[in-house]
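Thanks for coming. I will take a few minutes to go through one structure, part by part. Please have a look at it first.

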Amino acid sequence: MKSLVKKLVEIVGPSGYESKIRDVVRTEIKGLGNEQRVDAMGNLIVRMGEKKKDGLRIMLSAHIDEIGIMVTHVDKNGFARFTTIGAVRPHTCFGSRVRFLNGAAGVIGGERLDNPGNVHNFEQMYIDTGASSDAESPVKIGDVAAFDRPFEDLGNRLISKAMDDRVCAAVLIETMRGLKNSPHELFFVFSTQEEVGLRGATTAAYGIDPDLGIAVDVTGTGDTPRSVKMDVSLGKGPAIKIRDGGMLADPRLVDAMVTCAQKNNLPYQLEILLGGTTDAKAMQITRAGMPAGCLSIPTRYIHSPSEMVDSRDLENAVQLLKSLLSEPIVLA
Ligand code: CO
Ligand code: ZN
């Protein structure tokens, strides 16, 4: 699991530019499912199993895009100005390294601040690629990059950029590999453009038209010094979402997940996230709507270059999904 996570998180793949990460996922899932395809939005969709008596058509979604930056202008001295892709925050930027799709590297620098205690805003930052002129610059307008940090294994705890949401792609891959028998027709979706507004999951859900939607994504924690008040901690199990900033999870699905965790003696937490949302929101309100919910991986420092998860939460999320999908899900 750890080596799979390392493989997935270190790939550069900001929203809209997921082809590299999609290829890596494709290699990992070779031969799995009855059918694999890539839709017009770049979502990788794997259909697995047939819908039997008591079964449902279920879409599971983990997004493979990540936050990043896009070059807007390269000045005559070679400094590249940039805009953001997804919710990048200024205080995580200065001194960060970035890696472009074409392999070029750079560091984010900033103009002199009148008050050194302030944080640079994006207009005051630039990427220094080592070039001394625009002609020499390895990057041009429209080029995209992601934060560049190596994966770090601290034992149970793992640090990397793009844990959001590549760890959940790893969870789906492991679930697919381990699933023996299911009464359901399953659609595993490695979705695109989540960080810019759930765009891949929106069209994937419309196309698949499932009976039930389950997103797998990261969520925040309340277990660090003076953190937000949130009843989720690292290492205490995957979090079953009750609500977030964009969705009220279907209570029947919440119940089904809780019952499944209890029956199988798996650790779980209940999640209420005040801001942010997931692909589950897109699924819930696509077409005429569908019951939807989310299984979350507790994560610290989300949308920073160094996000932290606990590998036991990943393992337990796989166990929970395998158990959940092996039985009928009663939405009475
Ligand atoms: Co995110
Ligand atoms: Zn995410």
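Before any residue, one term: a residue is called buried under 20% relative accessible area, exposed over 50%, and partly exposed in between. By that rule Glu50 is partly exposed, because its relative accessible area is 43%. Please also keep in mind that this is a predicted model.

Let me stay with Glu50 for a moment. Its salt-bridge partner is Arg47, and the closest N and O atoms of the two are 3.6 Å apart. Arg47 has a relative accessibility of 18%, so Arg47 counts as buried. So in this pair one partner is buried and the other is partly exposed.

Next, a pair that reaches further along the chain. Arg99 and Asp148 meet through their side chains in a salt bridge, at 3.2 Å from N to O. Why does this pair tie together parts that are 49 residues apart in sequence? Because Arg99 sits in strand β6, residues 97-100, while Asp148 sits in the loop between β9 (144-147) and β10 (152-153). Arg99 is partly exposed, at 30%, and Asp148 is partly exposed as well, at 25%.

A third salt bridge joins Arg112 and Asp114, with 3.2 Å between the closest N and O atoms. Here both ends are exposed: Arg112 has 70% relative accessibility, and Asp114 has 74%. Some salt bridges share partners, and in that way Glu35, Arg37, Arg47, Glu50, Arg57 and Glu185 are joined into one network. The pair I began with, Arg47 and Glu50, belongs to that network. In total, the structure holds 25 salt bridges.

Now the overall layout. How is the protein divided into domains? Domain 1 consists of residues 2-66 together with 161-325, and domain 2 of residues 68-147. Where they are in contact, 13 residues come from domain 1 and 16 residues from domain 2. Taken over C-alpha atoms, the centres of the two domains are separated by 31 Å.

I have picked out two threonines. Thr192 is found in the loop between β12 (185-191) and α4 (199-208). Is Thr192 buried or exposed? Its relative accessible area is 0%, so Thr192 is buried. A polar atom of the Thr192 side chain lies 2.9 Å from the backbone oxygen of Met41. If we set aside neighbours within four places in sequence, the residues in contact with Thr192 include Glu18, Arg22, Met41, Gly42, Asn43 and Asp65. Arg199, Gly200 and Ala201 are also in contact with Thr192.

The other threonine is Thr129, in the loop between β8 (125-128) and β9. Thr129 is buried too, with a relative accessible area of 16%. Again leaving out neighbours within four places in sequence, Thr129 is in contact with Gly78, Phe100, Ala105, Gly106, Ser137, Pro138 and Val139.

On to the backbone. Most residues other than glycine have a negative phi, and most peptide bonds are trans. With that in mind, three places are worth pointing to. Asp164 and Asp165 are joined by a cis peptide bond, with omega at about 10 degrees. Asp165 lies in helix α3, residues 163-178.

The second place is Leu198, where phi is positive, near 55 degrees. Leu198 is in the loop between β12 and α4, which is where Thr192 is found. Leu198 counts as buried, at 10% relative accessibility.

The third place is His303, which has a positive phi near 65 degrees. His303 belongs to the loop between β16 (292-298) and β17 (307-310). With a relative accessible area of 9%, His303 is buried.

Last, the surface. Which residues make the nonpolar surface patch of about 380 Å²? They are Ile242, Leu270, Ile272 and Leu274. Of these, Leu270 is in strand β15, residues 269-272, and is partly exposed at 40%.

One distance to finish. Asp23, in helix α2 (residues 19-28), is partly exposed, with 45% relative accessibility. Asp23 and Thr277 are 254 residues apart in sequence, and from C-alpha to C-alpha they are 26 Å apart in space.

That is all I have.

Conventions:
Residues are numbered from 1 along each chain as its sequence is written. Chains are lettered from A and ligands numbered from 1 in the order in which they are written. This is a predicted model: local features need pLDDT of at least 70, side-chain atom pairs count only at pLDDT 80 or more; totals for chains, interfaces and linings use all residues. Side-chain values use heavy atoms; hydrogens and water are left out. Patches are made of residues with over 30% relative accessible area and no salt bridge: like charges are joined within 9 Å, nonpolar side chains (Val, Leu, Ile, Met, Phe, Trp, Tyr) within 5 Å. Accessible areas come from the Shrake-Rupley method with a 1.4 Å probe; for residues, only the protein chains shown count as cover. A salt bridge is a side-chain nitrogen of Lys or Arg within 4 Å of a carboxyl oxygen of Asp or Glu. Helices (H or I, at least four residues) and strands (E, at least two) are DSSP runs, numbered from the N terminus. Buried means under 20% relative accessible area, exposed over 50%, partly exposed in between (1.4 Å probe, protein chains only). A polar contact is a pair of N or O atoms within 3.5 Å; within protein, one must be able to donate a hydrogen and the other to accept it, and residues adjacent in sequence count only if both atoms are side-chain atoms. Contact means heavy atoms within 4.5 Å. Domain bounds come from an automatic or database domain assignment.
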